[in-house]
Structures are given as structure tokens and as C-alpha cells.
Amino acid sequence: MTDKMQVNLRQVAMEILYEVQKNNGLLHVVLSDALKKYQYLDKNERSFISRLVQGTEERKIELDYIIDSFSKTPVKKQKDVIRIILEMSVYQLKYMDSVPASAVCNEAVKLAVKKNFGTLRGFVNGVLRNIARNIDNIEYPDKSTNTDKYLSVKYSVPEELAGYFLKKFGDNETEEMFEAFNKDKSTYIRCNTSKASREQIKELLQRENVTVKEVENIPYAYEISDYDYIAGLKSFQDGMYQIQDISSMLAGDYTAPKA
């Protein structure tokens, strides 16, 4: 067994994000595979990896905007590894208060060096320390003159989607919806009824000591909680369901995925 003290949690997170962003891996699949590989880590360590990966991916649009506000090299022109290191570091600075800014910056530089980008250590350090000093004073796009862009950055949704919602629901209702999506951190599954019925899937999950709740107006979905990690559940390994956020379910069709 690998000595867990040798596992760099941020490197694990970076490699998951690289697989998702560069190689088009499915976030919940890549993350679950990684957590299964490192199942011997403490629960808090696995939780750190999960939160960092999921949060960085969910807030990517906002994170890239912040980086572009402080970097002379635009995100789109940065090396993939460097961009991801900066993204996950900015996420820690903005959304993970328990992590000291100095540790975020130092670990980012170490990771850049470890991934053979030592020549860019000064760039990584300079950008992150500048952001750390100004993290509470980020200037977002003007809401009154560029509402689409403001909502896109503030809530990390594509600008085209923000525009679509604005036309359909108006400013206030759209922002309320986006705010709700950002606050809802529950885990939802979409049942694969070609494998088993909803009732059978619910029963299997409950046998694995998972708490299962109905989702109003979405008959093929459940909200689940009280599990350690998804990859360790036999029902997940058997393809009984897939992880999907609630907004994707609402935006998509109402057909359960095929096996």
C-alpha cells in the first residue's frame, strides 16, 4: 500500500482537473475513480480533494476572470497545467477560508516546479500573491450596463445561457435562480432504469446505508447523502445511476440515460 504521507492532495486534484479539462473526462467519473484509488486516505483528505476539484470546475468561469484581471498572460494562452494550478489556487483563496493564503501560494509554486514548470514559478507566485492581496476587492463586470457578463462571471455560467435566462425570466428572477443553483450543494443521481427500477435502486442504496430522498417534479432522480464516496458504492459500480447536478436535469430532456 502506498504511504498516504507521500500523497500530495493538490497534485491529485490538479491531475483530476487536467483529465476533465484537457482530455474531456466526465468529472464525476474521474473524481470517483481517483477517490477509489486513494480510498485509504482519511475522510477529511478525500473531502478536501472532492471540494477542491468540484469547486474549481463549478467556478471556472469566475476563476478565469479573476486570473485574467491580474495576469499579463491571458488564461487562454497559458499552459494547461499552469492554468489549472492557478484556477484551483484562486478557488482556495476565495472559497476555502481555512487554507492560509501563504500556503496556497507556496504549494502552487511547488506543484509548478514538480510538474516541470520551474521557469514559471515567479509568474505563478506573483499572480497568486497579487490576487491574495486583493481577493476581497475583485471588480466584476458592471451589472447595470453588461448584465449578461456580470451574471456569467458572478455565477460561473456561460454568457449565452445568462442571456437566455434574462430574456425568459428577467433580471431579478434570473439572479435568484443562479444564486439558488450556487447554494445547492446536494448530490443528485439520475436513475438508469434500463438497469433497475427506481424503487430497486433506492432499496440498493439504502442497503449501503445511503440516505435517499425523492426530488420534487423529477421522477427519475434522487437526492442522496450520508455516503463516504460514490466510487465505493456497489450500486454505482454496477451502473445503476449517474451523478448529475439539478440544473442539468432541469435543462435536459426527461429521458433516463441508457446503459
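At 24% relative accessibility, K115 of this predicted model counts as partly exposed. Its side chain meets that of E15 in a salt bridge, with 3.6 Å from N to O. The two partners come from distant parts of the chain: K115 belongs to the loop between α6 and α7, E15 belongs to helix α1, and 100 residues separate them. E15 is likewise partly exposed, because its relative accessibility of 34% falls between the limits of 20% and 50%.

This contact is one of 14 salt bridges in the structure. A second one joins the side chains of K143 and E175, at 2.7 Å from N to O. Here too the pair links distant parts of the chain, with K143 in the loop between α7 and α8 and E175 in helix α10 (residues 171-183), 32 residues apart. The two ends differ in their surroundings: K143 is partly exposed at a relative accessible area of 38%, whereas E175 is buried at 15%.

Other salt bridges share partners, and in this way K22, K60, D64, D80, R83 and E87 are joined into one network. Within this network, the side chains of R83 and D80 meet at 2.8 Å, N to O. Both residues lie in helix α5, where a spacing of 3 residues places them about one turn of the helix apart. R83 counts as buried, with 10% relative accessibility, while D80 is partly exposed, with a relative accessible area of 22%.

Helix α5 also leads into the nonpolar interior. The largest nonpolar core has 56 residues, and those with the most contacts inside it are I16, I49, M88, V124, L128 and I131. Helix α5, spanning residues 80-95, supplies the largest share of this core, namely 9 residues. Apart from this core lies another, of 15 residues, which includes I189, I201, L205 and V212.

I49 gives a view of the packing in the larger core. Leaving aside residues up to four places away in sequence, I49 touches L9, V12, I16, L31, L35 and L41. The helix that carries I49 is α3, in which R46, F48, I49, S50, L52, V53, G55 and T56 are buried. The cover over these buried residues of α3 includes α1 (9-21), α2 (27-37), α4 and α5. The length of α3 agrees with expectation, because 16 residues at 1.5 Å a residue should span 22 Å and the end C-alpha atoms are 22 Å apart.

Helix α4 (residues 60-70) has a buried run of its own, made up of E62, L63, D64, Y65, I66 and I67. These buried residues of α4 pack against α3 (43-58), α5, α7 (121-134) and α8 (147-155). D64, buried in α4, is also a member of the salt-bridge network described above.

Which helix holds V104? V104 has its place in helix α6, residues 101-114. V104 counts as buried because its relative accessible area of 1% is under the 20% limit. Not counting residues up to four places away in sequence, V104 touches S89, Q92, L93 and V99. The C-alpha atoms of V104 and V90 are separated by 8.4 Å, although the two residues are 14 places apart along the chain.

Aromatic rings form a further set of contacts. A search of the whole structure finds 8 aromatic pairs. One of them consists of F165 and F169, whose ring centres are 5.7 Å apart and whose planes meet at 35 degrees, a tilted arrangement. These two residues are 4 apart in helix α9 (residues 159-169), which means that about one helical turn separates them. F165 counts as buried at 14% relative accessibility, whereas F169, at 29%, counts as partly exposed. The pair belongs to a cluster in which ring pairs link Y155, Y164, F165, F169 and F178.

Rings also lie beneath charged groups in two places described here. The charged end of K94 sits over the ring of Y95, 5.6 Å from the ring centre. K154 lies over the face of Y140, at 4.8 Å from the centre of that ring.

How values were computed: Residues are numbered from 1 along each chain as its sequence is written. This is a predicted model: local features need pLDDT of at least 70, side-chain atom pairs count only at pLDDT 80 or more; totals for chains, interfaces and linings use all residues. Side-chain values use heavy atoms; hydrogens and water are left out. Rings of Phe, Tyr and Trp (its six-membered ring) pair if their centres lie within 6.5 Å; planes under 30 degrees apart count as stacked, over 60 as edge-to-face and the rest as tilted. Buried means under 20% relative accessible area, exposed over 50%, partly exposed in between (1.4 Å probe, protein chains only). A charge sits over a ring if NZ of Lys or CZ of Arg is within 6 Å of the ring centre and within 35 degrees of the ring normal. A nonpolar core is a set of buried Ala, Val, Leu, Ile, Met, Phe, Trp, Tyr and Cys residues joined through side-chain atoms within 4.5 Å. Contact means heavy atoms within 4.5 Å. The expected span of a helix is 1.5 Å times one less than its number of residues. A salt bridge is a side-chain nitrogen of Lys or Arg within 4 Å of a carboxyl oxygen of Asp or Glu.
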